[in-house]
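Work through the exercises below with the sequence and the 3D structure open. Try each task before reading its solution.

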Number of protein chains: 2
Amino acid sequence: MKNLLVIKISGNIIDDEKALNTFLNDFASIDTPKILIHGGGKLATELSSKLGIETNLVNGRRITDSATIQVVTMTYAGWINKSITSSLQAKNCNAIGLSGADVQLLPAVKRPAGEIDYGFVGDILNEQVNSEFLKLLLSAGITPIIAPITCDGTGQLLNVNADTVAQSVAVALSKSYSTHLIYCFEKNGLLSDVADDTSVIPELNTLTAEKLKADGVISKGMTPKVDNALMAIKSGVNKVVIGHAVQITKIAKGEKGYGTYITG
Amino acid sequence: MKNLLVIKISGNIIDDEKALNTFLNDFASIDTPKILIHGGGKLATELSSKLGIETNLVNGRRITDSATIQVVTMTYAGWINKSITSSLQAKNCNAIGLSGADVQLLPAVKRPAGEIDYGFVGDILNEQVNSEFLKLLLSAGITPIIAPITCDGTGQLLNVNADTVAQSVAVALSKSYSTHLIYCFEKNGLLSDVADDTSVIPELNTLTAEKLKADGVISKGMTPKVDNALMAIKSGVNKVVIGHAVQITKIAKGEKGYGTYITG
């Protein structure tokens, strides 16, 4: 099977213009067929604030009311997605910006209100991911850039977690490609001591993850990242790494000593 | 050659939720391969106002500074594009939302500052329109929905006139399809008396257009529509009609008595 890279870039990198530009230069230089999934960064929160829309986060997840789904669609699928796409075009990477709503890339259902009502938040129907369209693009030398916005069968736009999007896309394509999923962010990997950038945990499996969660080493925004990484490796993705955005070319080449390898 | 419809829907329809829904139902029901280009409507102006960004229009065209290009990218390529796309998906039309920046669909240059500096406004390089990608989508049964945002070779996002986008796309595809370009808006066609909805001018050519411009019958937002319609028919598009959005299925079928036919 051919190789494929599925790379998720976190909001903290997107918020830093210089870091984002460095990352996009590196990303564009990678020859392997690749897909980029991006998070949202602070822009949605800033825009909401300017518009007088209250931002509510529960466990790091945004409560998405009707005003907020408009704001996140504008920022994620509009400004961020098209800024990244146009920037990559200028770097000789033939990018296409997409949301999960386009060609039913990521069919989803609105999450039922339980103890918490997340509002217009979606759960992706993994069996229905439109991997055929992504394969069509990849075979034409086109690089998909995916924003974490999708819709349900009624046409309702929904906010989805970008870490989960990366996992769903990587798993769906692992049937056709030898797939390498990389979660890129502003740290060198999963750290045993968040204050010590050299304390990278080189390997993580389900058992050690449970222990680290109990110890509070894995918490907040790291939890969905780790959970999605573990789910990906268990569901057929060949290699999953959590690492620093500035190390993307080294991680993509499989060089050892960079990031946290997820071993399932 | 196979038939293709290129349909532009104006901002006034987009601003009217009920009218837009009716239009999208009709659009989705059309069997002929089709492309939709949408304008922006009032949302960008409203959002700018809420954000304290001044809106400057000269001859109906938006002066686009750096704050404004962000607003129009968010509203046109984000909210409006993805709302239309998700709505069409729910109506069994396999839509994909795109901007001109994606896969270099509409390469453009920033308009040089002349008497008026329009700012981040683009002029499309018609010879470089990526019609091959649109043909790939159409042959896969996918319906492109195009927002009037693109970029130049440096990755700078640019605001482009949606009437011009429709013309450029229709002309580029007229080499491969028998192409029918339809400008849909909230009137029955080009009216000789703007207060009389029955005063539709059934046919328009360059000579009559010049006369109507001199008489002030064609003015403001109608001018780029008429100019682009004339340019399209002269550049190889088979049929060009300006008509009412509620008559789209009749116009698409070529039924007589609806809209203004452009005869070059």
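**Exercise 1.** Is T75(B) buried or exposed, and what is its relative accessible area?

Solution. Keep in mind throughout that this is a predicted model.
- Step 1. Locate the residue: T75(B) belongs to helix α4 of chain B.
- Step 2. Take the cut-off: a residue counts as buried when its relative accessible area is under 20%.
- Step 3. Apply the cut-off: T75(B) has a relative accessible area of 0% and is buried.
- Step 4. List what it touches, leaving out residues up to four places away in sequence. In chain B these are L43(B), A44(B), L47(B), I80(B) and N81(B), and from chain A there is M74(A).

**Exercise 2.** State how chain A can be laid on chain B, and through which surface the copies meet.

Solution.
- Step 1. A turn of 180° with a shift of 0.0 Å along the axis lays chain A on chain B, and the RMSD is 0.0 Å.
- Step 2. The two copies are therefore related as by a two-fold rotation axis.
- Step 3. Find the axis in the model: G78(A) is the residue of chain A that comes closest to it, with its C-alpha at 1.8 Å.
- Step 4. Compare the interface residues: 100% of those in chain A are also interface residues in chain B, so the copies meet through the same surface.

**Exercise 3.** Which residues of helix α3 in chain A are buried, and what covers them?

Solution.
- Step 1. Helix α3 of chain A runs over residues 43–50, and its buried residues are L43(A), A44(A), L47(A) and S48(A).
- Step 2. These buried residues span an arc of only 130° around the axis, so they lie on the same side of α3(A).
- Step 3. Recall the general rule: an α-helix has 3.6 residues a turn, so residues three or four places apart point the same way.
- Step 4. Turn to the face pointing away from the buried side of α3(A): the exposed residues S49(A) and K50(A) are found there.
- Step 5. The cover over the buried residues of α3(A) includes β4 (61–62) and α4 (66–90) of chain A, and also α4 (66–90) of chain B.
- Step 6. Follow the chain onward: G52(A), just after α3(A), has a positive phi of about 75°.

**Exercise 4.** What radius of gyration does chain A have, and what would a compact globule with 264 residues have?

Solution.
- Step 1. For 264 residues, a compact globule would have a radius of gyration near 18 Å.
- Step 2. Chain A has 17 Å, which agrees with that value.
- Step 3. Add the extent of the chain: the C-alpha trace of chain A spans about 45 × 45 × 35 Å along its principal axes.
- Step 4. Add the burial: 55% of the 264 residues of chain A count as buried.
- Step 5. Add the contacts: among those in chain A between residues at least 6 apart in sequence, 69% join residues at least 24 apart.
- Step 6. Count the elements: chain A contains 9 helices and 14 strands.

**Exercise 5.** N92(B) and V103(B) are residues other than glycine with a positive phi. Which values does phi take in them, and is each residue buried or exposed?

Solution.
- Step 1. Begin with the general rule: most residues other than glycine have a negative phi.
- Step 2. Phi of N92(B) is near 65°, and phi of V103(B) is near 45°.
- Step 3. N92(B) is in the loop between α4 and β5 (95–99) of chain B, while V103(B) is in the loop between β5 and β6 (108–110) of that chain.
- Step 4. N92(B) is exposed, at a relative accessible area of 76%, whereas V103(B) is buried, at 2%.

**Exercise 6.** Where does the charged end of R111(B) sit?

Solution.
- Step 1. The charged end of R111(B) is placed over the ring of Y118(B), at 5.1 Å from the ring's centre.
- Step 2. Check chain A: R111(A) lies over the face of Y118(A), 5.1 Å from the ring centre.

**Exercise 7.** How far apart are the C-alpha atoms of P33(B) and L138(B)?

Solution.
- Step 1. P33(B) is in the loop between α2 (17–29) and β2 (34–38) of chain B.
- Step 2. P33(B) and L138(B) are 105 residues apart along the chain, and 6.5 Å separates their C-alpha atoms.
- Step 3. Leaving aside neighbours within four places in sequence, the contacts of P33(B) are N3(B), L4(B), L5(B) and L138(B).
- Step 4. With a relative accessible area of 34%, P33(B) is partly exposed.

Technical notes: Residues numbered from 1 in each chain as written. Chains lettered and ligands numbered in written order. Predicted model: local features only at pLDDT ≥ 70, side-chain atom pairs only at ≥ 80, totals over all residues. Heavy atoms only, no water. Least-squares fit on C-alpha atoms with pLDDT ≥ 70 in both. Contact = heavy atoms within 4.5 Å. Lys NZ or Arg CZ within 6 Å of the ring centre and 35° of its normal. Buried < 20%, exposed > 50% of the residue type's maximum accessible area, 1.4 Å probe, protein only. Helix = DSSP H or I, 4+ residues; strand = E, 2+ residues; numbered from the N terminus. Arc of directions from axis to C-beta. Rg over C-alpha atoms; globule rule 2.2 N^0.38 Å.
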